[in-house]
Amino acid sequence: MHDSNDQHELADVTAPSSRAVQLRDDLLPNGQLPKDIVATEALGICRDLVDAELDRLTDFPEEPQALGRNCPAELKKAIRYSLLAPGKRLRPAMTLLATEACGGAISSALPAACAVEMIHTYSLIHDDLPAMDDDDLRRGMPTSHRVFGEAQAILAGDALLALAFQTVAQVQPEEVAARCTATLALTAGPEALVGGQVDDLAAEKLGAHTAEQLEAIHARKTAAMFAVSAKLGAMIAQAPDKQIDALEQYGFALGLAFQITDDLLDVHGKEAKVGKRVGKDSQRGKLTYPGLLGEEESRRRAETWINDACNQLRQLEYPPRLEALAKAVLERDH
Ligand code: IPE
Ligand code: IPE
Ligand code: MG
Ligand code: MG
Ligand code: MG
């Protein structure tokens, strides 16, 4: 499994940087992004902020520190290999932009945004394992278990899950951190993300399927994480319940559309663009919208979910960037 030829990929992503603080100071006067920048640029800034903060948060000491704190070098490499790889950072961007849309300071949402991305990345590492989807390419790079072996990949995922909760617990004030932590735990757990992954694998083996079954799987394995990403942003801005609910619904609808477009990209996407193997779903007999309802109907359903998502944004003070993000999901090629 362990392929030493892949090690060169580590070079870009393991060097620590101090961009986080600099980005926060340069780009966020009063904790907000300037209103005159276009949505795509705002998304790019969110991605840079999250990347820099993830880098900082995983720059663990390798040598023993006071109290014996340190992280084994191989584990650190495996964590950073997957986490700092070029993901789209859509979920953490939603968290930051949801805070902004409710009038909060973007920087206050960074711990929650990073926590969401850590859970997402752990779920991808485990999703790719031979016991699950058995994939060898992720984010344009060999999957974690292909580079580090299965045991390290499993453990890197475990570490990211724990680190996510350590990170979200840093939200201020503490009462908000407690609520965010509980909400995120519910979403990462058996009733949402993990339950959805179990259903997804079970559906590969079952014969008869309905669109309702498929939607229930997508709701848990994918839409729940999108919903919580937006919801946490609103909670951190201490927005009224109406706005928190609207953003949760927005994220949920967006997540359902996102998984449909993921399944469509598995049919028509270009491997070099999507950064993962294509044609895998039909090869594995996975239950997907294009497989069940055809491509045209799948696209129509994704459009309907995006419209539903955008309708939720009427409740907010500053929604244009979240609206642009929703529309980008429909047009995405990666
Ligand atoms: C992939 O998510 C997993 C799904 C829920 C379909 P993304 O397409 O957001 O993956 P990255 O984070 O950009 O790699
Ligand atoms: C992934 O769904 C959902 C989670 C990782 C929770 P897929 O299995 O379709 O995602 P990809 O296509 O491997 O990214
Ligand atoms: Mg899967
Ligand atoms: Mg998969
Ligand atoms: Mg997929």
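## Around two ligands and through the core

Helix 6 contributes three residues to the shell around ligand 2, the most of any contributor. The model in which this shell appears is a predicted one, and the residues that surround ligand 2 are Ser123, Leu124, Asp127, Asp133, Asp135, Leu193, Gln197, Lys221, Thr222, Asp262 and Lys276. The elements that supply two or more of these residues are helix 6 (110-127), helix 10 (193-205) and helix 11 (211-236). When the shell is sorted by class, six of its residues are charged, three are polar and two are nonpolar.

Helix 6 itself deserves a second look. How far apart should its ends lie? At 1.5 Å a residue, its 18 residues should span 26 Å, and because the C-alpha atoms at its ends are 25 Å apart, the model agrees with that expectation. The helix is also mostly covered, since 17 of its 18 residues are buried.

The loop that follows, between helix 6 and strand 1 (137-138), holds Asp134, a residue that has a positive phi of about 50° although it is not a glycine. Is Asp134 buried or exposed? The answer lies in between: it has 14 other C-beta atoms within 10 Å, whereas a buried residue would need 20 or more and an exposed one would have 12 or fewer, so Asp134 counts as partly exposed.

The other ligand, ligand 1, has around it Gly87, Lys88, Leu90, His120, Arg139, Thr222, Gln259 and Asp262. By class, this shell divides into four polar residues, three charged ones and one nonpolar one. Thr222 and Asp262, which are listed here around ligand 1, are also listed around ligand 2.

Another residue with a positive phi is Arg89, where the angle is about 60° although the residue is not a glycine. Arg89 is placed in the loop between helix 4 (73-83) and helix 5 (90-101). Because it has 23 C-beta neighbours inside 10 Å, and 20 are enough, Arg89 counts as buried. A further backbone feature belongs to the loop between helix 8 (150-168) and helix 9 (174-188), which is where Pro173 is found; the peptide bond that leads from Gln172 to Pro173 is cis, with omega near -10°.

Seen as a whole, the protein has a secondary structure of 17 helices and two strands, and 46% of its 334 residues count as buried. Of the contacts with a separation of 6 or more, 74% are between residues that stand 24 or more positions apart.

The largest nonpolar core has 88 residues, and those with the most contacts inside it are Ala112 and Ala257. Helix 11 provides the largest share of this core, with 13 residues. Which residues does Ala257 touch, not counting those up to four places away in sequence? They are Ala302, Trp305, Ile306, Ala309, Val329 and Leu330.

Finally, the reader should consider how confident the predictor is in what it shows. The average pLDDT of the protein is 90, and 90% of the residues score at least 70. Over residues 1-17, however, pLDDT stays under 50, and for this stretch the model has 26 contacts beyond four places in sequence.

Definitions and conventions:
Residues numbered from 1 in each chain as written. Chains lettered and ligands numbered in written order. Predicted model: local features only at pLDDT ≥ 70, side-chain atom pairs only at ≥ 80, totals over all residues. Near = placed C-beta within 6 Å. Helix = DSSP H or I, 4+ residues; strand = E, 2+ residues; numbered from the N terminus. Nonpolar A, V, L, I, M, F, W, Y, C, P; charged D, E, K, R; others polar. Expected span 1.5 Å × (residues − 1). pLDDT = per-residue confidence, 0-100. Contact = placed C-beta atoms within 7 Å. Core = buried A, V, L, I, M, F, W, Y, C linked by C-beta atoms within 7 Å.
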